[in-house]
Structure formats: structure tokens, C-alpha cells
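Colleague: I have a model open and I'd like to learn how to read it. Can you walk me through it, feature by feature?

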Amino acid sequence: MSIKESLIQIKSELPSHVTLVAVSKTKPISDLMEAYHAGQRIFGENKIQEMVEKHEQMPKDIEWHMIGHVQRNKVKYMAPFVSLIHGVDNFKLLEVINKEALKNNRVIDCLLQIKIASEDSKFGMEPDEAPKMIQSKAFSELKNIKIVGVMGMATFTDDLNQIKNEFTLLKTTFDSLKPIESFNFKPEIISMGMSGDYKLAIDCGSTMIRVGSSIFGIRS
Ligand SMILES: *Cc1c(COP(=O)(O)O)cnc(C)c1O
């Protein structure tokens, strides 16, 4: 199937409350443009430099999502245009994003990455750290960021039951954070699910899926 056909196929099966992020990392502009011409306007990248270059070359009505691990010293390059940063897992990073957003006279939307996988290699905040941070005085001083939800990555495994348990943990964490009130905390998004597991993720409560290889083909 072509990129266009894959995209149309996936979108035709998505419930209306689920947003599709087309993960275009490592793929050439021509592939992204094919998705763009098929109507896709939300693209996800995992490297800041690559996202900056693609942002420069692509039409300006695209929402760029940073889905990868973020190094603090590179936040400044994406601060002028990034729409959503999925992988925020510590307060220091949030402070840097806030500072760079202020310089650009913006409020940058972020998701808190929660550690749901049992592997130690995965980034993310422990589920019980999140409410402490959101309720801290220091957090309430960040006027140029807004936490709009959570993001998680399941363990890389074939064990669907384990993946389901991890997705359910993210949904439970989201539900427990929801009542917390703060002007810069308005949780609406649960970002979970990739090519191999997005259907399961949607069944477990995902509202935003990040799909790469099922749209653009496998990455070399
Ligand atoms: C690469 C990547 C994806 C997409 O993975 P596919 O299996 O190609 O759909 C989703 N989320 C993150 C954080 C990624 O790095």
C-alpha cells in the first residue's frame, strides 16, 4: 500500500475522539508531503534537529509534535514552533521549556511522560511523582507551559496482556491526576499506542496514537 492508502485505511478505522500523529522520523520530505497531500497535518519526530529542518521545508499549517527524549540544551531550537512536546519527564526540563516559551511569547503544550514499562531503559516519571510535581509551588510559577495530558510507552514485548496492563496503568494515572486544579494543568490527552499496539491502546483509553511504520513503511 502507498503512504496515502495506508493513512486513509488507518484513519477510516479510528474513533473520532482519537488523534493520529504521523511519525515521520528518518523519512524524506517526499514521504511527508505524500501524507500531507492525503490530508495529514500532525507529524511526530523524535530528534529536534530533524524536526527543525523538516519544519523549514514543509508547509506552515502543520502541527509538529516532539515525541522523543528531549535534551534541555536543544529546547530553544523548537520553541518557536513546536505544537506539543510528548516526552516531558522532569521538572528541570519543564523549567527550560517554560523559559524558552517565554522568550517566544508562547505557551507550549506538553504531556507528562509516565513510566509504565517494566524495562529500565524507558524514560518517564514514576506515576506517583506526577501529582507531587503538579501540586508544587514551583510548578504553579510556570506560566508559559501547559500540561495537557500524559504519554506512555509500553514494554517492547509480544505479551499483549502485559502491554494491556501497562496501558491501563497510564489510563489510571491520568484519571487520578484529572481532579488536580491548576491554571497550567488541563489534562485531556492520553498519548499511547504505536503501529503494533494502537488498537489495544484505544481500547485502553488512548486519545492520541503515534503511528510511523504502518503509514510510512519500516525504517531502515
Ligand atoms: C518511533 C516512535 C513511534 C512510532 O513507532 P512505529 O512502531 O513505527 O509506529 C511512536 N512513539 C515514539 C515515542 C517513537 O519514538
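Modeller: Sure, we'll go from the overall fold down to single residues. Keep in mind that this is a predicted model.

Colleague: Let's start with the whole thing. How many helices and strands does the protein have?

Modeller: There are 10 helices and 8 strands. The radius of gyration is 17 Å, close to the 17 Å that the globule rule gives for 220 residues, so the protein is as compact as a globular protein of that length. Along the principal axes, the C-alpha atoms fill a box of roughly 50 × 40 × 30 Å.

Colleague: And what share of the residues is buried?

Modeller: Of the 220 residues, 50% count as buried. The accessible surface comes to about 10600 Å², and carbon and sulfur atoms account for 51% of that. As for charge, the protein has 28 positive and 28 negative charges, and their mean positions are 5 Å apart.

Colleague: What do the contacts say about how the chain folds back on itself?

Modeller: Take the contacts between residues at least 6 apart in sequence: 60% of them join residues at least 24 apart. Ser 191 gives you a local view, sitting in strand β7 (residues 185-191). Its relative accessibility is 0%, so Ser 191 counts as buried. Beyond its neighbours within four places in sequence, Ser 191 has contacts that include His 86, Leu 111, Val 150 and Arg 210.

Colleague: Now aromatic rings. How do I describe a pair of them?

Modeller: You give the distance of the centres and the angle of the planes. Here the count comes to 1 aromatic pair. That pair is Phe 43 with Trp 64, at 5.8 Å centre to centre and 35° between the planes, which makes it tilted. Phe 43 lies in strand β2 (residues 42-45) and Trp 64 in strand β3 (residues 63-66), so the pair ties together parts that are 21 residues apart in sequence.

Colleague: Are those two rings' residues buried or exposed?

Modeller: Phe 43 and Trp 64 are both buried.

Colleague: How should I read a helix that has a buried side?

Modeller: An α-helix has 3.6 residues a turn, so residues three or four places apart point the same way. In helix α3 (residues 48-57), the buried residues are Ile 48, Met 51, Val 52, Lys 54 and His 55. Their cover includes α2, β2, β3 and α4 (75-78).

Colleague: Which residues does Ala 79, in the loop after α4, touch?

Modeller: Ala 79 lies in the loop between α4 and β4 (84-88). Leaving out residues up to four places away in sequence, Ala 79 touches Glu 100, Asn 104, Arg 106 and Ile 108. With 0% relative accessibility, Ala 79 counts as buried. From Ala 79 to Arg 106 is 27 residues in sequence but 8.4 Å in space, C-alpha to C-alpha.

Colleague: Last one: backbone angles. What should catch my eye?

Modeller: Most residues other than glycine have a negative phi. Thr 26 has a positive one, near 70°, and lies in the loop between β1 and α2. Thr 26 counts as exposed, at 51% relative accessibility, where the cut-off is over 50%. Asn 105 also has a positive phi, near 60°. You'll find Asn 105 in the loop between α5 (91-103) and β5 (108-113), exposed with a relative accessible area of 72%.

Colleague: And what about Pro 28, in the loop with Thr 26?

Modeller: Pro 28 counts as partly exposed, at 41% relative accessibility. Pro 28 and Gly 217 are 189 residues apart in sequence, yet 12 Å apart in space, C-alpha to C-alpha.

Terms used: Residues numbered from 1 in each chain as written. Predicted model: local features only at pLDDT ≥ 70, side-chain atom pairs only at ≥ 80, totals over all residues. Heavy atoms only, no water. Helix = DSSP H or I, 4+ residues; strand = E, 2+ residues; numbered from the N terminus. Rg over C-alpha atoms; globule rule 2.2 N^0.38 Å. Buried < 20%, exposed > 50% of the residue type's maximum accessible area, 1.4 Å probe, protein only. Contact = heavy atoms within 4.5 Å. Areas by Shrake-Rupley, 256 points an atom, 1.4 Å probe, with all protein chains shown as cover. Lys, Arg positive; Asp, Glu negative; His and termini not counted. Charge placed at Lys NZ, Arg CZ, Asp CG, Glu CD. Phe/Tyr/Trp six-rings, centres within 6.5 Å; stacked < 30°, edge-to-face > 60°.
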